[in-house]
Amino acid sequence: MADVTLFPFAQYWWFYLAFLAGVLVLLALDLGVFHREAHEVSFREALTWSAVWVSLALAFNYGLYHFALWKFPQDPRLLAIPGFDAAAAAKETALEFLTGFVVEKSLSVDNIFVFVLIFNFFALPARYQHRVLFFGILGALIFRAIFIVLGSALLELHWVVWVFGLFLIASGLKIMFAPEKGVNPEKNPIVRLFRRFVPVTPVLHGQRFFVRLNGVLHATPLFVTLLFVEVTDVIFAVDSVPAIYALTGEPLIVFVSNVFAILGLRALYFLLAGMMDRFYLLKYGLAIVLIFVGLKIAWLNELYGGKFPITTSLGFIATVIALSVLASLVFPRRHQSARTSAIPGSR
């Protein structure tokens, strides 16, 4: 079972297309109907949208389980495998999606803190932040798809599994022990290169990314902010994509769980941005999760005959995240964090 692809692309290409079409419809409704006018997203609105995106992910998971339960017994390729249990495979598929979604959603919390830093650095008004995050998500979907395809191909090489595992363990240790730093987009080489070739206006021009001044096309600080958000997401994808491949070898599950986590990222940002300093122990929980999935892909899977139990993985990950959040609330820190004080303009 560990070496069998349940959803090969050649057979399920239509599933990818249908899923992407559904995502594009949701994004079009989001920007074109619900957020047509730039406005500051309230806590209540963010909470509502967070509930919507999580509910959609859980509904999709339920549908995926029943689809697999119906489809697997009809697939002669799978039935030809000795001892193949279609019902067990369908349940495993649903659990892998749920675990992947929980991991990606948890890791996205670290993205949120960096977004807080970026928006503070550029002094971006709250009413324009949703627009930047919306288009940032479109870019993130493209980059994540590229990373997932590359990861799927690389994992065919056994030594890459070890590399991914060690990289995740190193990332976890870095999060746990490395000193916390702010961000300075002006020192980013991609942003600096962009400024060399494209003039940038000193002030915002509403929610426009580009304006033409005296016949010359200029980027606005809004676009520079978006550019840095995209660069940041590429960096985060280097951690998150290997992390979910440690939980499942199915590119389809990796892709859809990533997409659902990304779709809910904006709402989660507006929900948590003002409370990030409260969850100061969450970074240690995320570090433990990364170390665990690194050990899983490099050692535990092989120790358990090719696949560490997904139920155990889900239980461990959910418990670690829940305990780190609970501990942050029960034992609040008594002073302002170094991370918050690193935000330009913070007091």
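In the predicted model, Arg266 lies in helix 10, which spans residues 265-272. Despite the charge assigned to arginine, Arg266 is buried, because its relative accessible area is 3% and the threshold for burial is under 20%. Apart from residues up to four places away in sequence, Arg266 touches Leu27, Asp30, Trp53, His130, Leu133, Phe134 and Ile137. Among these partners is Asp30, a residue type counted as negative. Leu27 and Asp30, both touched by Arg266, fall within the residue range 9-34 of helix 1. His130, Leu133, Phe134 and Ile137, also touched by Arg266, fall within the range 126-154 of helix 5. Helix 10 is thus linked through Arg266 to residues of helix 1 and helix 5.

The chain as a whole contains 13 helices and 2 strands. Its radius of gyration is 21 Å, which agrees with the value near 20 Å that a compact globule of 347 residues would have. Along the principal axes, the C-alpha atoms fill a box of roughly 70 × 45 × 40 Å. Buried residues account for 49% of the 347 residues. Of the contacts between residues at least 6 apart in sequence, 80% join residues at least 24 apart. The accessible surface amounts to about 17000 Å², and carbon and sulfur atoms contribute 68% of this area. The chain carries 26 positive and 20 negative charges, and the mean positions of the two sets are 11 Å apart.

Helix 9 comprises residues 251-263, 13 residues in total. The distance from its first C-alpha to its last is 18 Å, close to the 18 Å expected at 1.5 Å a residue. Helix 9 is largely enclosed by the rest of the structure, because 13 of its 13 residues are buried. Part of its surroundings can be described through Ile244, which belongs to helix 8 (residues 221-245). Ile244 counts as buried, with a relative accessibility of 0%. Beyond its neighbours within four places in sequence, Ile244 is in contact with Gly100, Glu104, Ile253, Val254, Ser257 and Asn258. Ile253, Val254, Ser257 and Asn258 in this set lie within the residue range of helix 9. Gly100 and Glu104, also in contact with Ile244, lie within the range 86-121 of helix 4. The C-alpha atoms of Ile244 and Glu104 are separated by 7.5 Å, although the two residues are 140 apart along the chain.

Val254 also serves as a reference point for the N-terminal segment. Leu6 is placed in the segment before helix 1 and counts as buried at 6% relative accessibility. Leu6 and Val254 are 248 residues apart in sequence, and their C-alpha atoms are 13 Å apart in space.

A further position in helix 4 is Ala90. Ala90 is buried, with a relative accessible area of 0%. Residues up to four places away being excluded, Ala90 touches Tyr65, Ala68, Leu69 and Phe72. Between Ala90 and Leu166, 76 residues apart in sequence, the C-alpha distance is 30 Å. Leu166 falls within the residue range 158-177 of helix 6, the helix that also holds Ser171. Ser171 counts as buried at 9% relative accessibility. With neighbours within four places in sequence left aside, Ser171 is in contact with Asp239 and Leu290. Asp239 falls within the range 221-245 of helix 8, so a contact of Ser171 joins helix 6 to helix 8.

Two loop residues were distinguished by their backbone geometry. Most residues other than glycine have a negative phi. Ala123, by contrast, has a positive phi, near 50°. Ala123 is found in the loop between helix 4 and helix 5 and counts as exposed, with a relative accessibility of 58%. Asn214 likewise has a positive phi, near 55°. Asn214 is found in the loop between strand 1 (210-213) and strand 2 (216-219). At 83% relative accessibility, Asn214 also counts as exposed.

Key:
Residues are numbered from 1 along each chain as its sequence is written. This is a predicted model: local features need pLDDT of at least 70, side-chain atom pairs count only at pLDDT 80 or more; totals for chains, interfaces and linings use all residues. Side-chain values use heavy atoms; hydrogens and water are left out. Helices (H or I, at least four residues) and strands (E, at least two) are DSSP runs, numbered from the N terminus. The radius of gyration is taken over C-alpha atoms; the globule rule is 2.2 Å times the number of residues to the power 0.38. Buried means under 20% relative accessible area, exposed over 50%, partly exposed in between (1.4 Å probe, protein chains only). Contact means heavy atoms within 4.5 Å. Accessible areas come from the Shrake-Rupley method with a 1.4 Å probe; for residues, only the protein chains shown count as cover. The place of a charge is taken as NZ of Lys, CZ of Arg, CG of Asp or CD of Glu. The expected span of a helix is 1.5 Å times one less than its number of residues.
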